[in-house]
Structures are given as structure tokens and as C-alpha cells.
Amino acid sequence: MNYTRYGVYFTPKPGAFALAGATWLGWDIATGAPVGEPDDTVTKRPRKYGFHGTVKPPFHLAEGKTPEGLHAALDDLSGQLAPVALDGLTLSQIGSFLALTPTGDVRDLARLAATVVKTLDSFRAPPTEADLARRRQSRLTPEQEANLTRWGYPYVMEAFKFHMTLTGPLPREMTGKVLADANVHFGDIPPRPFVIDSLTLVGERQDGMFEELQRYALTAA
């Protein structure tokens, strides 16, 4: 299959956590198929991306680069990266949307993400002027603007904040109910500790939905 964009995500391995996220969003990124009975008013916007935490944001392949080369580079990089353990995950409100965010010291995770962004940057095609204009509608800080110019995305490096998105923007009057529903849905399923011991290469299909292509274990000591 030809993919329009690629990204590097954390995705949960098959199990209760992955299933809870997939059924909440309505899309199983591992199988590339719809699942569950999601509420479109809550999850339609993030559904296409699947249940994940972004490490390297989606990008178009640069001229002269190939999917095979990207697979090989991530395979090599994963052998140089060690797993990261965090205390757990908690439901959080980020602006107007809800997400699962890590608890505990996140510095090792931030360093891992920065390394992936830098090491694989040669595979990223430069953003178009339309892409830049769209990102700049979010009133970027000077730091975020510098990231957009250098790395093609505002929320990397020092601006990186790992999160697993659960909703699109919510009206204020809906937030409390959706938060309560998410607490019931996920319960005590999110793992404690929360360990990131693999990275997943994902691809955006022609229909706009993302699916897993291959999982790479982090094997450095």
C-alpha cells in the first residue's frame, strides 16, 4: 500500500490497554479497522490517528527517501535506545481536549523523543507553505515557531509533551461528562508503571486513516 505520510508512535501492545483505547476512539490502529461504538461528537477528530502517543509527528517522505530506508533507519535507531519507565498515566485536560498523560519524571522520555526526531529528520520532506500557515493559526510561541521552521512541527524538543489523545476539542459544558465517561471506560486499565519499550512506525493510508506498519523493540541497556 502507498502511504501519504509516516510517523513514529508509541502504541500499546495487544491487550486490555490497547483495546480500551481502540474502542474509545473507534479505530484499531493495529488492525487498521473500525471497532466499538464511539461517540462521533467526542472522538471523530482524533480517530484517524488511532490510540497512540506521538514521538515523531507524521511527515511526508523527502525526495529520494524510501519506506524501506525508513524502516531500516528506525530498526537501527531502536537498537540504540533504552526503554523508558514512568510512574503511570492520568486523565488530563489539555486546552479543550482530553488525553492520557504520564506521571513521574518525563525527562528520559523527552530525550528519547528528541533523539528520534533528530535522527530521522533526513526522511522528512519540508512542510509546504499551506502546512506552515495552518500551524501558525495556533498562535505559536517563539520556541514553537523555531521548532516549526527547523523540525516541521511546533511541539517537539523542549515543547514536547507526551500525551495519548482521547477527544477532539470539547465545549466547556461537555467536558465534565466526557471526563467521567473516560474514567469509567479506562478504569484501572492504564499500566503502572507505564513502560515504553518499543516504537511503532505508522502510515497514513489513502483514506486518511493511520495503521501500524511495524513495531521496533528498544533494546539498548
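How many nonpolar, polar and charged residues make up the lining of the largest pocket? In this predicted model, that lining divides by class into 16 nonpolar, 11 polar and 7 charged residues. The pocket itself encloses about 1,300 Å³ of space, and of the 34 residues that line it, those closest to its centre are Phe97, Arg135, Tyr153, Tyr155 and His163. Two or more lining residues of the largest pocket come from each of the elements β1 (5-10), α2 (40-47), β4 (53-59) and α5, and β4 gives the most, with 4 residues.

The second largest pocket has a volume of about 280 Å³, and its lining is formed by 20 residues, of which Pro58, Phe59, Pro127, Asp131 and Gly152 are the closest to its centre. At least two residues of this lining are supplied by each of β4, α5 and α6, whereas its composition by class is 12 nonpolar, 2 polar and 6 charged residues. The strand β4 and the helix α5 are thus named for the lining of the largest pocket and for that of the second largest pocket as well.

With regard to the overall fold, the protein chain contains 7 helices and 11 strands, and its C-alpha trace spans about 45 × 40 × 35 Å along the principal axes. A compact globule of 221 residues would be expected to have a radius of gyration near 17 Å, and the value of 17 Å found for the protein chain agrees with this expectation. Of the 221 residues in the chain, 45% are buried.

One open sheet consists of 3 strands, which follow the order β6-β7-β8 and pair in the antiparallel sense. Its edge strands are β6 (88-94) and β8 (164-165), each of which pairs on one side only. The pairing of β6 with β7 is antiparallel and extends over 7 bridges, and within it leucine 89 has proline 102 of β7 as its bridge partner. The hairpin formed by these two strands has 2 residues between them, and glycine 95 in this hairpin adopts a positive phi near 65°. On the other side of the sheet order, β7 (residues 97-103) is joined to β8 by 2 bridges, the two strands again running antiparallel, and here leucine 100 has methionine 164 of β8 as its bridge partner. Because 5 of the 7 residues of β7 are buried, this strand is largely enclosed by the rest of the structure. In a regular strand, side chains alternate between the two faces of the sheet.

Charged side chains were examined next. Side chains of opposite charge can pair when their charged atoms come close, and a search of the whole structure finds 15 salt bridges. In one of these, the side chains of arginine 47 and aspartate 40 meet with an N to O distance of 2.8 Å. The partners are unequally accessible: arginine 47 counts as buried, at 14% relative accessibility, whereas aspartate 40 is partly exposed, with a relative accessible area of 44%.

A further salt bridge links aspartate 121 with arginine 150, the closest N and O atoms of the pair being 3.3 Å apart. Aspartate 121 lies in the loop between α4 (107-119) and α5 (129-136), while arginine 150 belongs to helix α6 (residues 142-151), so the pair ties together parts that are 29 residues apart in sequence. Aspartate 121 is buried, since its relative accessible area of 12% falls under the 20% cut-off, whereas arginine 150, at 45% relative accessibility, counts as partly exposed.

Within helix α7 (residues 172-186), aspartate 181 and lysine 177 lie 4 residues apart, about one turn of the helix, and these residues form a salt bridge in which the closest N and O atoms are 2.7 Å apart. Aspartate 181 counts as partly exposed, at 33% relative accessibility, and lysine 177 is exposed, with a relative accessible area of 57%. Elsewhere, salt bridges that share partners join Lys56, Asp121, Arg124 and Arg150 into one network.

Note on methods
Residues are numbered from 1 along each chain as its sequence is written. This is a predicted model: local features need pLDDT of at least 70, side-chain atom pairs count only at pLDDT 80 or more; totals for chains, interfaces and linings use all residues. Side-chain values use heavy atoms; hydrogens and water are left out. Two strands pair if DSSP finds at least two bridges between them. A salt bridge is a side-chain nitrogen of Lys or Arg within 4 Å of a carboxyl oxygen of Asp or Glu. Buried means under 20% relative accessible area, exposed over 50%, partly exposed in between (1.4 Å probe, protein chains only). On a 1 Å grid over the protein atoms alone, a cavity is a set of points where a 1.4 Å probe fits but cannot get out, and a pocket is an open set with protein on both sides within 12 Å along at least five of seven lines; lining residues have an atom within 4 Å of a point. Grid points are joined across faces, edges and corners, and a volume is the space filled by probe spheres set on the points. Ala, Val, Leu, Ile, Met, Phe, Trp, Tyr, Cys and Pro count as nonpolar, Asp, Glu, Lys and Arg as charged, and the others, Gly among them, as polar. The radius of gyration is taken over C-alpha atoms; the globule rule is 2.2 Å times the number of residues to the power 0.38.
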